[in-house]
Amino acid sequence: MYLISPIGVLVLACDNCYALIGQRHGGFLGILQRALARASPHIWFERSEVKDREAVTKRLRQHVSTPNNPPILIFPEGTCINNTSVMQFKKGSFEVGSVIYPVAIKYDPRFGDAFWNSSKYSMTQYLYLMMTSWAIVADVWYLPPMFQGKGENAVEFANRVKRVISKQGGLVGLVWDGQLKRMKPKPEWKERQQEEFSKKLKVQ
C-alpha cells in the first residue's frame with residue numbers, strides 16, 4: 001500500500017492484525033513504537049544506516065517465512081505523500097520473494113486533510129489536527145495478490161504493483177523518490193538530467 005499518514009495503519013488495523021516495518025522515531029511516536037515492539041514482531045530501522053538496510057531485508061525474509069507471524073504492512077514509498085500521487089517504490093520490499101497483497105487507500109479531502117507533513121508538524125501536532133478535523137473518510141481497496149514474474153527483477157515488480165495501486169486509487173504514478181522532500185538530490189542525478197537535456201537540445 002501507499003502511505004499519506006500513520007492513519008493508514010489504523011484504518012487497515014480495523015480489518016486485521018498486522019506487524020509493521022518502518023523508520024525509528026523519537027518523541028511520542030518513538031514511545032509508541034517501543035510499546036508495539038513488545039507486543040508483536042515489528043521491524044524498526046535507521047534510514048541512514050546502510051547496514052541496517054541489509055539487516056531489514058534479512059528480517060523481512062525471516063518474518064514472511066514464519067507461518068505464525070502476522071502479515072506485515074509495508075509502505076514501499078518510505079515516506080508520507082499528499083493523497084494525489086504514488087511515488088517511486090523502494091525495491092527492498094520486493095526482493096523478499098513473497099506474495100504481495102496490494103492495498104490502495106484514497107482519503108476524501110472534503111472532510112479533512114489526512115496528509116502528515118512530517119517536516120512541518122510533529123506527531124503530536126498532527127494528531128491534534130486529525131482529532132479536530134470534521135472527519136477522516138477513506139476508500140480502501142484490497143487488491144488481488146501479486147507474484148513476481150519469471151525473469152522479472154525487483155524494480156520491475158515494484159513498478160507493476162505501483163501501477164495497479166495508482167490505477168485503482170485514481171492516483172498519478174510518479175518516478176520521483178519521495179525522500180527528495182527531505183534531502184537534496186545527489187550530484188550525479190543532476191548531471192544525468194543535464195546530460196539528457198543537452199542531448200535533446202542538440203537534436204533540436
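Which residue in E2 does Gln 23 stand opposite? In the predicted model, the residue opposite Gln 23 is Phe 45 in E2. This position belongs to the pairing of strand E1 (residues 19-23) with E2, two strands that run parallel and are joined by 3 bridges. Both strands are part of an open sheet of 3 strands, ordered E2-E1-E3 and paired in parallel fashion. Strand E2 (43-45) and strand E3 (72-73) occupy the edges of the sheet; each has a single partner strand, so one side of each is left without a neighbour there. In general, the strands of a sheet pair through backbone hydrogen bonds, in either a parallel or an antiparallel manner.

With respect to the overall architecture, the secondary structure of the protein comprises 6 helices and 7 strands. Read from the N terminus, the elements follow the order α-β-α-β-α-β-β-β-α-β-α-β-α. Of the 204 residues in the protein, 36% are buried. The accessible surface amounts to about 13,000 Å², and carbon and sulfur atoms contribute 57% of that area. Among contacts with a separation of 6 or more, 68% are between residues 24 or more positions apart.

The confidence of the prediction was also examined. The mean pLDDT of the protein is 78, and 82% of the residues reach 70 or more. Confidence is highest in helix H5 (residues 154-169), with a mean of 90, and lowest in strand E7 (residues 172-173), with a mean of 76.

Helix H4 (residues 123-131) has a buried side and an exposed face. Its buried residues are Met 123, Tyr 126 and Met 130. These residues cover an arc of only 60° around the axis, which places them on the same side of H4. An α-helix has 3.6 residues a turn, so residues three or four places apart point the same way. The face of H4 turned away from the buried side carries Thr 124, Tyr 128 and Met 131, which are exposed. The cover over the buried residues of H4 includes helix H1 (7-13) and helix H2 (27-37).

A search for aromatic pairs across the whole structure returns 2. Phe 89 and Phe 94 form a stacked pair, with 6.1 Å from centre to centre and 10° between the planes. Phe 89 and Phe 94 are both buried. The rings of Phe 94 and Phe 157 have their centres 5.5 Å apart and their planes at 85°, so this pair is edge-to-face. Because Phe 94 lies in the loop between strand E4 (85-86) and strand E5 (103-107), whereas Phe 157 lies in helix H5, the pair ties together parts that are 63 residues apart in sequence. Phe 157, like Phe 94, is buried. Phe 89, Phe 94 and Phe 157 thus form one aromatic cluster. The helix that contributes Phe 157 to this cluster is H5, the element with the highest confidence in the protein.

A further position of interest is found in the loop between helix H3 (50-64) and E3, where Ser 65 is located. Ser 65 has a relative accessible area of 54%, and is therefore exposed. The C-alpha atoms of Ser 65 and Val 96 are separated by 9.8 Å, with the two residues 31 positions apart along the chain. The loop that holds Ser 65 leads to E3, one of the edge strands of the open sheet.

Key: Residues are numbered from 1 along each chain as its sequence is written. This is a predicted model: local features need pLDDT of at least 70, side-chain atom pairs count only at pLDDT 80 or more; totals for chains, interfaces and linings use all residues. Side-chain values use heavy atoms; hydrogens and water are left out. Two strands pair if DSSP finds at least two bridges between them. Helices (H or I, at least four residues) and strands (E, at least two) are DSSP runs, numbered from the N terminus. pLDDT is the predictor's confidence in each residue, from 0 to 100. Buried means under 20% relative accessible area, exposed over 50%, partly exposed in between (1.4 Å probe, protein chains only). The arc is that of the directions from the helix axis to the C-beta atoms. Contact means heavy atoms within 4.5 Å. Accessible areas come from the Shrake-Rupley method with a 1.4 Å probe; for residues, only the protein chains shown count as cover. Rings of Phe, Tyr and Trp (its six-membered ring) pair if their centres lie within 6.5 Å; planes under 30 degrees apart count as stacked, over 60 as edge-to-face and the rest as tilted.
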